[in-house]
Every structure is written in structure tokens, then in C-alpha cells.
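Visitor: I would like a close look at a single part of this structure. Please take me through one aromatic ring and what surrounds the topic.

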Amino acid sequence: MSKQALIVQGGWQGHEPALVAEILRKQLAENGFDVEISDTLDAFRDEEKLLGLDLIVPIWTMGEIAKEQVQPVLKAVASGVGLAGCHGGMCDAFRQNVDWQFMTGGQWVAHPGNDGVEYTVNIVKGSSPLVEGIEDFSVKSEQYYMHVDPAVKVLATTRFPTVDGPHASNGPVDVPVVWTKLWGKGRVFYCSLGHHADIVEQEPTLTIMRRGMLWAAEGKNA
């Protein structure tokens, strides 16, 4: 029987959620998933349906989520349903909802220099099969400064400051780019890359996202 995935896309359109949703849908379909794409957060209200999934992929920057929408997701992931996402679509999704931030493991707070900053993603060697065989690489995009749950397992980082600003007074700091964590029985995967669809689609970001989604979806079988 095929694994079941739900992608929910929308919110701020600057992150090209529909295009990113299609890129990730294709990756999942090529790996044997039946994938539904929804453009409404009301897709999260059906708790029974969510509990039957293997994977939830949120692509929804900013906006607000109602209690009746977030609670079924929290419960589904805790039961073993995987959660995987990227950039603002998962960790700048609902700024007012601390339950969402607790589950996902972090929250965007800044991208000094905005889009077009060239920076390095440093792979944490030996941290996980999800990044095995991938070398450090450069990206020209937004460099996400994240506030991060200390419980996450960090698979890749980026060093600040690249661009000057008030944060630079603190000296060099390494901020997580890719991480995993657990939420109950569920596996959670996040990658901060993906400001536009072309960043998601380029390598090695696409490989990292594919591996992360497939890993998260195996939570029920762990």
C-alpha cells in the first residue's frame, strides 16, 4: 500500500508556495507516495484523516492558524505521522502559535542582508545519513537566523555574521540550517533553505529535502 502525504500550501506568496509544493509533490510521487495538495488550513481540521497519513508537509509562511486547525496536527505528529518542511513555509508559518514552534523546533527571526546574500552551508559530518556524502556548499539567497529548540539534532549550520548589523557585535555564531527532532512518536525534519522554488529545486537542497521527507514518513514504522 502506498504511503500517504498531505502538502498544505499557501500564506505569503513571496515564497512561491504552489511551485514549492509541486517540486516536493514530485519527489514524493517518484518515491511511491500518494500525495494530496491542499490550499487551505482547514485541511488540518480532519483529525481522523491526519492520523491515517504518513507525512505532513506544511508550506505556509506567516498567517494565523486556529486552535481547531493546529491541534489535530500536533496530535497526528505525536502519534507517529512525519512532519517535514523548509524555509518560512514551516518555521515562519504561524508567528503567534507557540505550540507550532514547539513541535517544529525553531522559528525564523531575521535574515540580515535579505535575499541575495552568498553564504556557506556547513554539513555536520557524521551527524546523519540524511546528509551523508554531501559536502559544504554555497547558496545565494536569504540566510536564516533561527531561534532553535536545544532538543534538535543539527545536521548543517551556517555562520553569522555574513552581513554587518547589530547582531555582529556578538561575534561569530553558527546557526542551524538543517535539523531533525522527535515529537512524541513522530519524526520532524526541517531545512531553512528555500526562499524561492529555484533554491528548493537546486542540488544539494533537493536531495536533502527528499531524504528528510522520506525519513520523517518512516516514523510509524520505527
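Guide: Start with Tyr144 in this predicted model. Tyr144 has a relative accessible area of 3%. The cut-off for buried is under 20%, so Tyr144 is buried.

Now look for its partner. Trp108 and Tyr144 have ring centres 6.0 Å apart. Their planes meet at 45°, so the pair is tilted. Trp108 is in strand β5, residues 106-110. Tyr144 sits in the loop between β7 (137-141) and β8 (145-148). The two parts are 36 residues apart in sequence, so the pair ties them together. Trp108 is buried too, with a relative accessible area of 15%.

Next comes another tilted pair, Trp179 and Tyr190. Here the centres are 4.6 Å apart, with 40° between the planes. Trp179 belongs to strand β10 and Tyr190 to strand β11. They are 11 residues apart, and the pair links distant parts of the chain. Trp179 is buried, at 0% relative accessibility. Tyr190 is also buried, at 0%.

Tyr190 leads on to Val177, since Val177 touches Tyr190. Val177 is in strand β10. Its relative accessible area is 1%, so Val177 is buried. Its other contacts include Val121, Ala156 and Cys191. Val177 and His87 are 90 residues apart in sequence, yet their C-alpha atoms are 9.2 Å apart in space.

Step back to the rings. The whole structure has six aromatic pairs. There is also an aromatic cluster, formed by Phe44, Phe94 and Trp100.

Methods:
Residues numbered from 1 in each chain as written. Predicted model: local features only at pLDDT ≥ 70, side-chain atom pairs only at ≥ 80, totals over all residues. Heavy atoms only, no water. Helix = DSSP H or I, 4+ residues; strand = E, 2+ residues; numbered from the N terminus. Buried < 20%, exposed > 50% of the residue type's maximum accessible area, 1.4 Å probe, protein only. Contact = heavy atoms within 4.5 Å. Phe/Tyr/Trp six-rings, centres within 6.5 Å; stacked < 30°, edge-to-face > 60°. Lists of a residue's contacts leave out its neighbours within four places in sequence.
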